[in-house]
Structures are given as C-alpha cells and as structure tokens.
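User: Please take a close look at one helix-helix contact in this model. Then walk me outward from there to the side chains and rings around it.

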Amino acid sequence: MEDKRNIQIIEWEHLDKKKFYVFGVAMTMMIRVSVYPFTLIRTRLQVQKGKSLYHGTFDAFIKILRADGVTGLYRGFLVNTFTLISGQCYVTTYELTRKFVADYSQSNTVKSLVAGGSASLVAQSITVPIDVVSQHLMMQRKGEKMGRFQVRGNLEGQGVVAFGQTKDIIRQILQADGLRGFYRGYVASLLTYIPNSAVWWPFYHFYAEQLSSLCPKECPHIVFQAISGPLAAATASILTNPMDVIRTRVQVEGKNSIILTFRQLMAEEGPWGLMKGLSARIISATPSTIVIVVGYESLKKLSLRPELVDSRHW
C-alpha cells in the first residue's frame, strides 16, 4: 500500500479542464478581495519618501481608513480585477510547462523552478499595464498627491466615479508617455516576479516534503501544505523585496532607469530602503498564500478526472 506520507502532485493531464477553470476564477476573485487592502498599503509604503506619511503597515491602515473609509482601501480594485485573466494564464502556463519539462527531467525542483519562472513571464506581460493603472489609482488621496498623476475630482476634494478615475489616469499616462507608459517598469516587474515565482514553487514543495516527514501519517496533506505556502512566500518575499521596491517606484514615479532608481533609493534611505513594505507584503502574503494553497490544492482535487479519484490518497 502506498505510504500516505508521500505527497502526490496532481499534474495537468490528471485534470478535468472545465472544472479547473470555472472553480479557479471564483477562487482567485475571493483571494483578491481579501488581500487587496494590503497590496494598496504595500504600494504606498514603497513609494513614500522615508516615513513622510505612514510609519508602518498598521499606521497606514488606520490613516487610510480614517481618511477615506473602507472604499479607500480598495482604490483601483475594479481595474485590478482584470488580472484574473493573467491569473488563469499563469496556472495554465505553470501546469503545461511542468508537463513539458517532465520529458527532460523528473526532478520536482527543476520542474517547479522552470514552470514557475515561465508562468510569471507570461502573466507579467498581461499584468503590467493593469498594474500601472491600478497603482496610480492606489496613490490617490484627498487633496494630496503621492504619484505622478492625480484625478481631477480629488483636487477639489470631490469624488469621481470609479471608471471616471480610471479613464482620467489612462488619459494622463497616454499624454505623458504614450503607449509605452503602460509598460513602464516591465523589466523591473520581470526581475521581481520571475525570481519570486521561480523560488516560491521549489520552496513550497521542499517545505511540504520536510513537514510530511515530521508529521504523523494520519495528518492530512492539506495541513502541512497550508503551512508550507506562507513559509515559501516569506522566503521568496525576503529575497525579492528589493527589486519589488524598485519596480513600484519605476512604475509610479515614472522613472526610466532601474539602476538610477536603485542609486537614488540607496542615497536617500540606505540599504533599509530596499526592505520597505516587506512586513505588509508578508502580512498580505501569509493569509492569501494559505487561501491560495488550500484553494489551489482543493481546486485540483475537485478537478481531478473521475476515473483517478479512487487512486489518490490525501
């Protein structure tokens, strides 16, 4: 009988694709709603000079809530939901690349590393223009300017409907930079998210395997998978946060050079400036990664082809 400690990875060929995509979109939307406020806070912390506005994650949360209410924590959310498309492209690329690499290597680390990086390359090519617009919307504050642009309604303290703000930001980006403006920070995004994704998957499987060897045989796999996800996310966040800070500044402040942005950040704030927003990133990543891992592993189990269900042990 197969050892229950052995974690069986559900591969692409084992899935009912229709179930996989329907359940996947619903799961992704729920995750985005739950973690978006921390994404907004992280972006503002990374862009601000020193501690000119916020003294940390909790301070930013309270100040945004007091100034703008709950809706202030969801600025740019409607635009950001278009990244659902890139999310589905990500998981499809990841699973197909794992299948392709399996023809050349049976190492799970190799498959995870290559598939994670490839999936991020495809997803970021779709996500960056959406990110550029949504990040500028995240920067909007009543009567004050944080990013390069400010929607006209905010100048008089008057509200503008959500899509009115979006159109205003898009118009300003086009006027300032043309179509290239929507891919500002693209290279920085690739340098941030390809390593992040490439590192996360191998560490996730590594931590899961280590925990499975320590846990009793009766312990459900989903328990140590749920623990492994945040551990992998924290590891990847620490390794890639410096590039994430630079990426955010390039996109929001309209800078053209990654190297010059890095030098300016080091001159103004020193090495610790590269760690800005890390706590918000880990705080947002921990619950979201638990939900993602539990949701993704459950999604794959629910999407398993009927004839394979009885052969699996969880």
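Analyst: Start with two helices of this predicted model. Helix α5 covers residues 108-138, and helix α8 covers residues 186-214. Their axes come within 8 Å and cross at roughly 145°. The crossing of α5 past α8 is right-handed.

Which residues of α5 and α8 make the contact? From α5 come N108, T109, S112, L113, G116, G117, S120, L121, Q124, S125 and V128. From α8 come Y186, S189, L190, Y193, I194, S197, A198, W201, P202, H205 and E209. By type, the residues of this contact divide into ten nonpolar, eleven polar and one charged.

Three of the α8 residues lead further: Y193, Y186 and W201.

Take Y193 first. Among the residues that D244 touches is Y193. D244 itself lies in helix α9, residues 221-253. Is D244 buried or exposed? Its relative accessibility is 0%, so D244 counts as buried. Leaving aside residues up to four places away in sequence, D244 touches R42, Q46, T192, Y193 and R281.

Now the rings. The structure holds 14 aromatic pairs. One joins Y36 and F77. Their ring centres are 5.3 Å apart and their planes stand at 75°, so this pair is edge-to-face. Y36 sits in helix α1 (residues 17-47) and F77 in helix α3 (residues 77-80), so the pair ties together parts that are 41 residues apart in sequence. Y36 has 2% relative accessibility and therefore counts as buried. F77 is at 11%, so F77 counts as buried as well; the cut-off is under 20%.

Y186 brings us back to the α5 and α8 contact. The ring of Y186 pairs with that of Y183. The centres are 5.4 Å apart and the planes are at 80°, so this pair is edge-to-face. What about exposure? Y183 is partly exposed, with a relative accessible area of 38%. Y186 is partly exposed too, at 23%.

W201 comes last. This α8 residue of the contact also belongs to a ring cluster. Ring pairs link W201 there with F20, Y21, Y94, W200, Y204 and Y296.

In short, follow three routes out of the α8 side of the contact. Y193 leads to buried D244 in α9. Y186 leads to the Y183 ring. W201 leads to the aromatic cluster.

Definitions and conventions. Residues numbered from 1 in each chain as written. Predicted model: local features only at pLDDT ≥ 70, side-chain atom pairs only at ≥ 80, totals over all residues. Heavy atoms only, no water. Axes fitted to C-alpha atoms, helices over the stretch in contact; angles between N-to-C directions. Helix = DSSP H or I, 4+ residues; strand = E, 2+ residues; numbered from the N terminus. Left-handed = near helix turned anticlockwise from the far one by under 90°. Contact = heavy atoms within 4.5 Å. Nonpolar A, V, L, I, M, F, W, Y, C, P; charged D, E, K, R; others polar. Buried < 20%, exposed > 50% of the residue type's maximum accessible area, 1.4 Å probe, protein only. Phe/Tyr/Trp six-rings, centres within 6.5 Å; stacked < 30°, edge-to-face > 60°.
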